[in-house]
Amino acid sequence: MMRDRLLAAVRGAEQRLVALTKALVAAPSGNPPGDTTEVARVAAEILEAVPGAEVSQHVAESPIVNVVARLKGEAPGPRLVFNGHLDTYPVGDAAAWSHDPLAGEVADGKLYGRGVTDMKGGIACSLLAFELMATCREAWAGELVVTLAGDEEVMGMRGTKFLLETVPHATGDAMICGDAGSPRVIRLGEKGMLWLALVARGRAAHGAHVHLGASAIERLTEALTRLTGLRAWPVESPPDVARVVAEARAVSEPISGAGEAEVLESVTVNFGTIEGGRAANLVAEEARATADIRLPAGVSLAEIEAEVARLLDPLEGISYAAVQSCEASWSGADHPVARLALANAKAALGGQAVVNQRVGGSDARLYRDAGVPSIVVGLTPHNMGAADEYTTLEDLRAVAEIHTMTAFDFLTP
């Protein structure tokens, strides 16, 4: 009966859910510059109003402010964590928006605002779940924790990683993250990454006297061409990962785009920036580029780093450095938090939902690194990072229900 009442409560809480999302969106937290002071204050005030909640703010480096809240059930038991990030992409050109990027305007079943899908709407779903779980503490055991990090967009070192290292109850037995995705796809893992900064140096000369120079641009071009060969790297996915990717394809690709399954099981290479030279009639003496290499499950960082060295070290004038790196990570589809989330997703959506891997990164990898089974269940991104970012109210309702009911089921003896 308590579960039925909780389910009815979350299904009747759309107005509160929209209000929570609006409150978070109204506090700008674009990264850069990465100031989460105001949005952390807003989130902390919401959490402090929950009866029985213990709330604290944590700063590794100002102005990156993180928030942690804890709620205890009737008896000792497991700890479930809701994790989210407070920082967003910058608003950009406000004139390009047809809706105020900080107002959380609702129109035609959509809620607009910067960061609403990535991921203030997802945080609002977790906050609502936290509020509703507080109304039935006598029915569940253990602890429910919310960790809100300030710097996920720049890899989370002063946010989630800092909290995991310094706040004992920031970790737990399982974690649910409401980062961008889809309520129809429970994401169990994500690809690893290796970001490289490359510098090519040559010898300047007049463009008509190429025999006297050595082009840094041509040297850089050769290095980039060699790196594209990583796309053919042989991949042997772990059987459980290969299975979920194959089984999810029919549901996941219509949401995330055709070709997602191949990307999830391949090494990908993207060159994000490239620059060099000073004039058309000069041989370039320096050129630079950045590369984003993503690693599927079954491919280790060490083997790709070794191959990068084999490809680039023999080249004259080329130097490179790793800017960011992490291993691929995943949690098992048979873990209770994954099974319960999938069942609740099917119930909330009236049927079709699947488990799958995630193409992009998230702070869930930091929880998995800490030994905490973790899933990502968030909102379908629309115009993420662009003007008129929005989520649908249907997605908001579904994600809030999945978060709430999965928390209850996981913590119920």
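# A tour from Ser126 outward

Select Ser126 and His403: their side chains are joined by a polar contact of 3.0 Å. A polar contact is a pair of N or O atoms within 3.5 Å; within protein, one must be able to donate a hydrogen and the other to accept it, and residues adjacent in sequence count only if both atoms are side-chain atoms. The model is predicted, with local features needing pLDDT of at least 70 and side-chain atom pairs counting only at pLDDT 80 or more, while totals for chains, interfaces and linings use all residues. Residues are numbered from 1 along each chain as its sequence is written, and side-chain values use heavy atoms, with hydrogens and water left out.

**Stop 1: around Ser126**

Stay on Ser126, which is found in helix H4. Helices (H or I, at least four residues) and strands (E, at least two) are DSSP runs, numbered from the N terminus. Is Ser126 buried or exposed? Ser126 has a relative accessible area of 5%, so the residue is buried. Buried means under 20% relative accessible area, exposed over 50%, and partly exposed in between (1.4 Å probe, protein chains only). Not counting residues up to four places away in sequence, Ser126 touches Phe82 and His403; contact here means heavy atoms within 4.5 Å. Now add Glu401: its C-alpha atom and that of Ser126 are separated by 9.5 Å, although the two residues are 275 apart along the chain.

**Stop 2: the nonpolar cores**

Next select Leu80, Leu144, Ile186 and Ile375. In the largest nonpolar core, which has 88 residues, these four touch the most other members. A nonpolar core is a set of buried Ala, Val, Leu, Ile, Met, Phe, Trp, Tyr and Cys residues joined through side-chain atoms within 4.5 Å. Helix H4 (residues 116–134) gives the most to this core, with 12 residues. Apart from this core lies another, of 25 residues, including Leu220, Leu227, Ala287 and Ile318. In soluble globular proteins, nonpolar side chains tend to be buried together.

Centre the view on Leu144. Beyond its neighbours within four places in sequence, Leu144 is in contact with Ala69, Arg70, Leu71, Leu80, Phe82, Ala129, Phe130, Met133, Ala407 and Leu411.

**Stop 3: helix H1**

Go to helix H1 (residues 2–11), where the buried residues are Leu6, Leu7 and Val10. Looking down the axis of H1, its buried residues fall within an arc of 100°, so they line one face of the helix. The arc is that of the directions from the helix axis to the C-beta atoms. Which helices do the buried residues of H1 pack against? They pack against H4 and helix H12 (393–411). On the face of H1 turned away from its buried side, select the exposed residues Asp4 and Ala8.

**Stop 4: two strand pairings**

Strand S16 (residues 354–358) comes next; 5 of its 5 residues are buried. S16 pairs with strand S8 (residues 185–190) in the parallel sense, over 5 bridges. Two strands pair if DSSP finds at least two bridges between them. To see one position in register, select Gly189, which stands opposite Gln357 in S16.

For another pairing, show the open sheet of 3 strands in the order S4-S5-S18, where the pairing is antiparallel. Its edge strands, each pairing on one side only, are strand S4 (106–107) and strand S18 (390–392). Strand S5 (residues 110–112) and S18 pair over 3 bridges, and Tyr112 has Tyr390 in S18 as its bridge partner.

**Stop 5: two more buried polar residues**

Thr160 is found in helix H5 (residues 160–166) and counts as buried at 1% relative accessibility. The side chains of Thr160 and Asp363 are joined by a polar contact of 2.7 Å. Other residues in contact with Thr160 include Asn83, Ala149, Asp151, Leu366 and Tyr367.

Then select Ser252 in helix H7 (residues 239–256). Ser252 is buried, with 0% relative accessibility. A polar contact of 3.5 Å links its side chain to that of Arg187. Among the residues in contact with Ser252 are also Val185, Gly257, Glu260 and Asn356.

**Stop 6: the whole chain**

Zoom out to the full protein chain, which has 12 helices and 18 strands. Its radius of gyration is 23 Å, close to the 22 Å that the globule rule gives for 413 residues, so the chain is as compact as a globular protein of that length. The radius of gyration is taken over C-alpha atoms, and the globule rule is 2.2 Å times the number of residues to the power 0.38. Buried residues make up 53% of the 413 residues.
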